[in-house]
Amino acid sequence: MTNIDPQNLPRHIAIIMDGNGRWAAKHTMGRISGHKKGAESVRETVRACRELGIKCLTLYAFSVQNWLRPSSEVNGLMNLLEEFLHSEAQELIDKGIRLTMIGNIDALRETVKKVLEDVILKTSQNTDMILNLALSYGGRDEIVGAVKKVLRDYAAGKITPENVTEEYFSTCLDTNALPDPDLVIRTSGEYRISNFLLWQSAYTEFYFTDVLWPDFRRDDLMEAILAYQKRERRFGLTSDQIQDGQGKGQGNSD
Ligand code: IPE
Ligand code: IPE
Ligand code: MG
């Protein structure tokens, strides 16, 4: 698609990759087949973002709540994750993509944790794009974790109630140095946030599509970005103020 404005790209895109189970049911397959097919969409989306020049892509791959699914599905998902990390490592290294994660790494089984840590380390010097995986992630869980960090900083005398600011609190979250997402995409026709980036999505643009994640392709991503580029992000200001350039620095235009 040619009409994407390269000057107005979302700096950070985050995706709630939903609909693998329904895709599998539609094709009279087991749920794991849907997740397997979804891994292809992940590969294509990462490549497309890299080519477009998107600086950060966060993928919601497994929530804290997803642990409560049947153990066969949880194991299947963990196997796929492990395979994916092994098979994609070289491409991430070659393409200058840095892998990071948010969520609870210690909740993952040892073999997954090991390859994840390995790829995170091997790509840590890459600067072209960040691929951030949300694994065993929950927005509320993350906020509670941040509150614990604040209390530890307080106990250590590093912080007082007066200098707790939004900026400081942001650094206590898993996303720490990452910019807030400019665009959150959710597939599969569900209109909810499902515990994703609760703090960080305060001024995010949301894009919902009925496409099931395993069917999500490059063109669907382009459509989402085009829709984003038609929006006016006002950050609480008036439209006139935004036209005068006063919103600068709040979104991705800085
Ligand atoms: C998203 O697809 C993948 C994960 C949540 C791990 P689902 O597995 O939720 O698919 P549906 O919602 O049942 O179709
Ligand atoms: C959100 O999808 C989590 C991921 C995509 C990993 P879910 O399928 O778990 O969300 P709900 O249960 O429909 O809200
Ligand atoms: Mg779902």
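**Exercise 1. How many residues surround ligand 1, and which are the closest?**

Bear in mind that this is a predicted model.

Step 1. Collect each residue with a heavy atom within 4 Å of the ligand. That gives 13 residues around ligand 1.

Step 2. Pick out the closest: Asp18, Gly21, Arg22, Arg31 and Arg69.

Step 3. Sort the shell by class. You get three nonpolar, five polar and five charged residues.

**Exercise 2. Work out which helices supply the shell around ligand 1, and where its largest share comes from.**

Step 1. Look for elements that supply at least two shell residues each: α1 (20–26), α2 (31–52) and α3 (71–94) pass that test.

Step 2. Now find the top contributor. That's α1, with three residues, the largest share of the shell.

**Exercise 3. Track down polar contacts between ligand 1 and Asp18, Asn20 and Gly21, and say whether side chain or backbone is involved in each.**

Step 1. Use 3.5 Å as the cut-off for a pair of N or O atoms.

Step 2. Start with Asp18: an N or O atom in its side chain lies 2.9 Å from an oxygen atom of ligand 1.

Step 3. Move on to Asn20, where a polar backbone atom is 3.1 Å from a ligand oxygen.

Step 4. Finish with Gly21. Here too the protein partner is a polar backbone atom, and the distance to an oxygen of ligand 1 is 2.9 Å.

Step 5. Check how well covered the ligand is. On its own, ligand 1 exposes 380 Å², and the protein buries 86% of that.

**Exercise 4. In which pocket does ligand 1 sit, and what lines that pocket?**

Step 1. Place the ligand: ligand 1 sits in the largest pocket.

Step 2. Get the volume, which comes to about 680 Å³ for this pocket.

Step 3. Go through the lining. There are 31 residues, and Met17, Asn20, Tyr60, Ala61 and Leu77 lie nearest the centre of the largest pocket. Elements giving two or more residues to this lining are α1, α2, β2 (56–63), α3 and β4 (129–137).

Step 4. Split the lining by class: 16 nonpolar, eight polar and seven charged residues.

**Exercise 5. Describe the second largest pocket by volume, lining and residue class.**

Step 1. Its volume is about 490 Å³.

Step 2. The second largest pocket has 20 lining residues, with Glu166, Ser170, Asp180, Trp199 and Gln250 nearest its centre.

Step 3. By class, five residues of this lining are nonpolar, eight are polar and seven are charged.

Note on methods. Residues numbered from 1 in each chain as written. Chains lettered and ligands numbered in written order. Predicted model: local features only at pLDDT ≥ 70, side-chain atom pairs only at ≥ 80, totals over all residues. Heavy atoms only, no water. Polar contact = N/O pair within 3.5 Å; in protein donor to acceptor, adjacent residues only side chain to side chain. Areas by Shrake-Rupley, 256 points an atom, 1.4 Å probe, with all protein chains shown as cover. 1 Å grid on protein atoms, 1.4 Å probe; cavity = no way out; pocket = protein on both sides within 12 Å on 5 of 7 lines; lining within 4 Å. Sits in = over half its atoms within 2 Å of the grid points. Helix = DSSP H or I, 4+ residues; strand = E, 2+ residues; numbered from the N terminus. Nonpolar A, V, L, I, M, F, W, Y, C, P; charged D, E, K, R; others polar. Points joined across faces, edges and corners; volume = space filled by probe spheres on them.
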